[in-house]
Amino acid sequence: MVSFLFLIIFLCFAVVSALPPSIQPRQSWTVGFWAHELTDFGCKPIIFIWAKATIEPGNMGNTVGPALSDGLKAVFGPANVATQGVDYWGFIETNFYPGGAPPWGIYDMQLLLNAAATCPDSKIVAAGYSQGAALTHRAIEGLSDSVKERITAVVTFGDTQTLQDGGRIKDFDMNRTLIICNSGDAVCTGTLYVFPVHFDYVKWVPTAAYYLSAKLLHDAILNPWPNGSFVFPNVTIPTLPKIPLPPQPSEAVPLSLPPLPTPNIDVIDSRSNGLIS
């Protein structure tokens, strides 16, 4: 009996130790495999909702998700972006659910997007990779029109629903959607055959970050953030050094032309003798 209790205590300690550490306010960049900045710290000018790929760790994964989050924070400043990963178990088998994603993951992403839409001054962007891309399709298409209108832009990588949904997210603006598929990635053609090219999407993070940033800035022109809500990064611009003057001679002598010589010409009136000497 004592050994059994000891085993239970040991297992509880192991589970608690395995939990991710809570993100402190000073940790503004995406650290590790987890991000709960919306649920932990509330509204920020930009809210980024991410759905990881199959069997990736945490709720952000270890490939595209953290890199894209930090890409947005590099553009807008870490204090202005709340990154939130979707907490779902992305098993291989859950790819075979209708629509390519598990119901509990769809529900959780919809819950996060609905919560983000309650932030009146926030701009929302979302993205997903592989099974997370399918999750993004199913979650967004089931939202109310008012919440869809609050989503500024969406990007998907290695999208398993590209063919099935006609290269778009159903019932969502195509002008606010970017679907990125590598050449030769079979999952983008309606199958679940996975080849090495399916794991090569980190290279597209700059493209996705540029796309989302451009959409956010365009929306900010039409609907600016209220004064004081956007925290401008504390960046010190170095002053340019003074341009040195050209070297000067020790005794500057002003330039002057030499006096013109006085001509010594005897002119005899041509009218008297016709000579000029």
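User: Hello! Among contacts between residues at least 6 apart in sequence, what share joins residues at least 24 apart?

Analyst: Welcome! This is a predicted model, and the contacts asked about are those between residues at least 6 apart in sequence. Within that group, the share that joins residues at least 24 apart is 73%.

User: How many helices and strands does the chain have, and in what pattern do they come?

Analyst: The chain has seven helices and five strands. Written with α for a helix and β for a strand, the pattern along the sequence is α-α-β-α-β-α-β-α-α-β-β-α.

User: In what order do the strands sit in the sheet?

Analyst: The sheet is open, has five strands and shows parallel pairing. From one strand to the next, the twist averages 15°. The order of the strands is S2-S1-S3-S4-S5.

User: Which strands stand at the edges of the sheet?

Analyst: Look for strands with a single partner strand, so that one side is left without a neighbour in the sheet. That description fits residues 81–85 and residues 177–180. The edge strands are S2 and S5.

User: Is S2 mostly covered or mostly open, and how many of its residues are buried?

Analyst: Take the side chains by direction. In a regular strand they alternate between the two faces of the sheet. In S2, Val81, Thr83 and Gly85 point one way while Ala82 and Gln84 point the other way, and all are buried. S2 is mostly covered, and the number buried is five of five.

User: Which residue of S2 does Ile47 stand opposite?

Analyst: Start from the pairing of S1 with S2, which is parallel and runs over five bridges. Within S2, the residue opposite Ile47 is Ala82.

User: And which residue of S3 is the bridge partner of Trp50?

Analyst: S1 and S3 also pair in the parallel sense, here over six bridges. The bridge partner of Trp50 in S3 is Ala127.

User: What angle does H4 make with S3?

Analyst: Two helices that touch the sheet can be looked at in turn. H3 packs on the sheet, touching S1, S2, S3 and S4, with its direction at about 170° to that of S1. H4, residues 103–117, lies across S1, S2, S3 and S4. Its angle to S3 is about 165°.

User: Which element gives the most residues to the largest nonpolar core?

Analyst: The largest nonpolar core has 30 residues, and Phe48, Trp50 and Leu212 are among those with the most contacts inside it. S1, H3, S3, S4 and H7 each supply at least two of its residues. With seven residues, the element that gives the most is H7.

User: How many residues does the other core have?

Analyst: This core lies apart from the largest one. Ala51, Val86, Cys119 and Phe172 are among its members. Its number of residues is 27.

User: Which backbone oxygen lies 3.0 Å from a polar side-chain atom of Asn182?

Analyst: Asn182 lies in the loop between S5 and H7, and with a relative accessible area of 6% it is buried. Leaving aside neighbours within four places in sequence, its contacts are Val197, Asp200, Tyr201, Lys203 and Trp204. The backbone oxygen at 3.0 Å is that of Val197.

User: What distance separates the C-alpha atoms of Gly167 and Ile179?

Analyst: Gly167 belongs to the loop between S4 and S5 and is partly exposed, at 36% relative accessibility. Not counting residues up to four places away in sequence, Gly167 touches Thr162, Met174 and Ile179. Gly167 and Ile179 are twelve residues apart along the chain, and their C-alpha separation is 7.3 Å.

User: Is Ile55 buried or exposed?

Analyst: Ile55 is found in the loop between S1 and H3. Its phi is near 55°, a positive value in a residue other than glycine. Exposed means over 50% relative accessible area, and Ile55 has 62%, so Ile55 counts as exposed.

User: What is the phi of Asp171?

Analyst: Asp171 sits in the loop between S4 and S5, where it counts as exposed at 58% relative accessibility. Although Asp171 is not a glycine, its phi is positive, at about 60°.

Conventions: Residues are numbered from 1 along each chain as its sequence is written. This is a predicted model: local features need pLDDT of at least 70, side-chain atom pairs count only at pLDDT 80 or more; totals for chains, interfaces and linings use all residues. Side-chain values use heavy atoms; hydrogens and water are left out. A nonpolar core is a set of buried Ala, Val, Leu, Ile, Met, Phe, Trp, Tyr and Cys residues joined through side-chain atoms within 4.5 Å. Buried means under 20% relative accessible area, exposed over 50%, partly exposed in between (1.4 Å probe, protein chains only). Helices (H or I, at least four residues) and strands (E, at least two) are DSSP runs, numbered from the N terminus. Two strands pair if DSSP finds at least two bridges between them. Axes are lines fitted to C-alpha atoms, for helices over the stretch in contact, and angles run from 0 to 180 degrees between N-to-C directions. Contact means heavy atoms within 4.5 Å. A polar contact is a pair of N or O atoms within 3.5 Å; within protein, one must be able to donate a hydrogen and the other to accept it, and residues adjacent in sequence count only if both atoms are side-chain atoms.
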